[in-house]
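Student: Could you take me through the disulfides in this one? I'd like a close look at how the cysteines are paired and where they sit.

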Amino acid sequence: MTTFDIIFWLLIVLIAVLAYTIESGLSARHRPLVLSSILSATLAAVYMMFLVEDNSKFGTGKPLPAAPKQKKKVQSLGGNGEGGLEEIEVIEGPGPDSLDSEARYEDSPLLKKVGGFRDCPACPLMTLVSPGSVVMGSPADEPNRRANEGPQKVVRIGRAFAISRYEIQYREFAAFVRTTRHSVRATCLIDGKPSNATWQKPGFEQKSGDHPVVCVSWNDANAYAAWLTQKTDRTYRLPSESEWAYAARAGVATAYITGKDIAPTQANYAGTRGGTSKGGSFSDNAFKIFDMTGNVWELIDDCWSDNLSKVPASGVSERGQGDCTRSPVRGGGWNATKPQVRAAYRMPLGRDQATNSIGIRLARELK
């Protein structure tokens with residue numbers, strides 16, 4: 001029970017007591033004073049009702065701290081990618097309604113939890129991502145830009161969603177395998193070549209279960225998401241490419257999500273650590289998400305496309321077009337080069353392939 005709950009019910013009790021004194025004749029001498037007290041208490045109770053967020057809880061939630069918003073003019077394809085280019089100005093970052101009318105969600109109490117929430121003890125730690133817009137891709141003059149990073153396009157994420165605060169950890173995936181006896185069948189590639197590495201022995205030491213799981217495929221990630229969905233009655237899935245870009249940038253419009261440049265002290269890349277790092281070893285972003293750059297590449301739900309022209313403007317996954325035997329991976333891994341950890345960098349991976357530098361981050365729909 002919140003402070004607002006307590007105050008509201010105390011006012012109701014006060015009104016009832018004052019009404020009883022009038023009815024019983026106990027307040028005959030002070031009837032005007034008691035009546036004015038009842039009126040004041042009633043008005044206060046009505047005011048408290050205006051603070052109601054939903055049918056069961058009083059009080060107003062604190063929105064996520066807004067990420068720094070940056071205005072940027074881009075050449076963008078309008079609508080669904082048809083028609084000519086137009087120059088528009090957008091503001092990157094969370095929108096003004098940062099909780100997307102939070103009260104309408106059954107999950108509303110979870111969204112307010114400081115530090116994120118879990119739907120079950122073995123479930124990943126999730127955090128809220130509020131609505132807003134993001135510029136997909138990179139500008140033509142960005143150093144090391146590749147053709148598949150364009151054309152730039154504005155995508156508006158109109159609905160809040162949750163995303164795992166850390167890349168899915170070894171211990172979390174292990175709980176899934178123990179419960180379901182799921183068999184990870186994909187051959188784990190190391191430097192592009194088949195190997196004997198597995199998700200349990202990826203070719204380097206993972207000193208704790210807090211490291212991200214690797215050597216898993218897109219198919220394995222979807223099996224894990226389906227298990228969580230069945231277990232929690234909440235929809236878990238891989239993020240769309242635009243959801244990933246929006247959550248990764250969190251209002252940042254520069255080539256790297258750390259700014260104009262990046263260093264090995266800010267993320268795990270370039271092989272400087274010889275393998276994965278424990279989740280949360282580096283600073284989080286404005287959405288309180290860790291390791292959106294480096295550590296492991298992250299699997300994406302969409303079918304692969306050689307450019308961004310058909311990326312849905314609504315933020316959903318692109319499943320109807322492109323090469324659906326492959327999907328994008330984003331963010332760069334522990335062995336990625338510096339150009340590969342740019343925010344716009346993307347590359348394809350077969351859905352039945354796995355490497356020891358690619359892992360999982362899941363999205364979860366709000367209910």
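Tutor: Here is a walk along the chain, one cysteine pair after another. Keep in mind that this is a predicted model. A search of the whole structure turns up three disulfides, and if you number the bonded cysteines in sequence order, they pair 1-2, 3-4, 5-6.

Start with Cys120 and Cys123, whose sulfurs are 2.0 Å apart. Both of these cysteines are buried. The torsion about their S-S bond is about 100 degrees, so this disulfide is right-handed.

Next comes the bond between Cys188 and Cys215, with an S to S distance of 2.1 Å. Here the torsion is about -60 degrees, which makes the disulfide left-handed. This pair links distant parts of the chain, 27 residues apart: Cys188 belongs to strand β7, while Cys215 is in the loop between β8 and α5. Cys188 has 1% relative accessibility and counts as buried; Cys215 is buried too, with a relative accessible area of 1%.

That leaves Cys303 and Cys324, with sulfur atoms 1.9 Å apart. With a torsion of about 95 degrees around the S-S bond, their disulfide is right-handed. Both Cys303 and Cys324 lie in the loop between β10 and β11, so the bond ties together parts that are 21 residues apart in sequence. The two ends sit in unlike surroundings, if you go by accessibility: Cys303 is buried at 3%, whereas Cys324, at 33%, counts as partly exposed.

Key. Residues are numbered from 1 along each chain as its sequence is written. This is a predicted model: local features need pLDDT of at least 70, side-chain atom pairs count only at pLDDT 80 or more; totals for chains, interfaces and linings use all residues. Side-chain values use heavy atoms; hydrogens and water are left out. A disulfide is a pair of cysteine sulfur atoms within 2.5 Å. Buried means under 20% relative accessible area, exposed over 50%, partly exposed in between (1.4 Å probe, protein chains only). Helices (H or I, at least four residues) and strands (E, at least two) are DSSP runs, numbered from the N terminus.
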